[in-house]
Amino acid sequence: DLMLKAKGERWLLRGAPASKLETGWPSAGVCIAVRNHINLGLPPGWQHDISPHASPGRVCAAWIEVLIRGGLLVMSIYLWDSEQLTPRNRELLEQAGEFAKKFGGPWLLAGDFNMPPETLESEAGCWLGAAGAVIVKPEGITCRSAGGGRVIDYCVLDGRLSGAVQS
């Protein structure tokens with residue numbers, strides 16, 4: 001069990017487990033991991049797996065008591081690949097946005113968006129604006145391929161934190 005192994009290595013791990021796709025293959029699942037001296041949890045009555053019913057194992061959340069007074073909501077997301085911003089990928093983003101809004105405090109969404117940040121910005125600009133979010137991307141490529149590579153793994157950050165982060 002991954003959670004037990006992580007605990008043995010002094011990590012806390014919470015997330016959304018992998019689930020079988022229509023093809024019979026498992027999805028990767030998503031998780032958030034912190035060293036075990038950091039408080040990792042959620043408000044009472046909330047769950048770590050916040051994936052929509054139609055896309056299990058794709059979005060998780062955890063509250064981390066570190067860096068910011070009152071803590072930080074960290075979410076991990078894995079959008080469906082080869083689809084860009086289809087209705088089911090949009091639903092995943094909206095689920096994360098609703099959860100962040102419900103939390104009310106500062107938040108960070110990191111993940112495999114399976115599209116370049118420029119595509120997310122052009123296709124989901126309204127969502128980003130409504131969430132008060134900014135995209136933070138790495139300088140180098142995150143996904144190597146025969147064609148060289150591209151950036152598809154990055155963060156969407158609560159705009160209130162934008163001055164505190166460098167890519």
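**Exercise 1.** Is Trp46 buried, partly exposed or exposed, going by its relative accessibility?

*Solution.* One thing to keep in mind: this is a predicted model. Start with the number for Trp46, a relative accessibility of 23%. Buried needs under 20%, and exposed needs over 50%. So Trp46 counts as partly exposed.

**Exercise 2.** Classify the ring pair of Trp46 and Phe99, then place both residues in the chain.

*Solution.* Step one is the geometry: the centres of Trp46 and Phe99 are 4.8 Å apart, and the planes make an angle of 65°. Angles over 60 degrees count as edge-to-face, and that's the label for this pair. Step two is location. Trp46 is in the loop between strand S3 (39-41) and strand S4 (59-65), while Phe99 belongs to helix H2 (residues 87-103). With the two positions 53 residues apart, the pair links distant parts of the chain. Step three is burial: Phe99 has 8% relative accessibility, so Phe99 counts as buried.

**Exercise 3.** Do the same for Phe113 and Tyr154.

*Solution.* Here the ring centres are 4.5 Å apart and the planes meet at 10°, so this pair is stacked. Again, distant parts of the chain are linked: Phe113 is in the loop between strand S6 (107-112) and helix H3 (117-123), and Tyr154 is in strand S8 (residues 153-158), 41 residues away. Now check accessibility. Phe113 comes in at 0% and counts as buried; Tyr154, at 4%, is buried too.

**Exercise 4.** Which charged side chains sit over the rings of Trp80 and Trp46?

*Solution.* Take Trp80 to begin with: the charged end of Arg88 sits over its ring, 3.6 Å from the centre. For Trp46, look at Lys102, which lies over the ring face at 4.9 Å from the centre.

**Exercise 5.** Where does Phe113 fit into the largest nonpolar core, and which elements build that core?

*Solution.* Begin with the core itself, which has 29 residues. Phe113 is among those with the most contacts inside it, along with Leu73, Met75, Leu93, Leu109 and Val156. Next, the elements: two or more residues come from each of S4, strand S5 (72-78), H2, S6, helix H4 (125-131) and S8. H2 gives the most, with 6 residues. Then zoom in on Phe113: leaving out residues up to four places away in sequence, it touches Ile77, Leu79, Leu93, Leu120, Ile152, Tyr154 and Val156. Last step: apart from this core there's another one, of 15 residues, including Cys60, Leu72, Val74 and Leu161.

Methods:
Residues numbered from 1 in each chain as written. Predicted model: local features only at pLDDT ≥ 70, side-chain atom pairs only at ≥ 80, totals over all residues. Heavy atoms only, no water. Phe/Tyr/Trp six-rings, centres within 6.5 Å; stacked < 30°, edge-to-face > 60°. Helix = DSSP H or I, 4+ residues; strand = E, 2+ residues; numbered from the N terminus. Buried < 20%, exposed > 50% of the residue type's maximum accessible area, 1.4 Å probe, protein only. Lys NZ or Arg CZ within 6 Å of the ring centre and 35° of its normal. Core = buried A, V, L, I, M, F, W, Y, C linked by side-chain atoms within 4.5 Å. Contact = heavy atoms within 4.5 Å.
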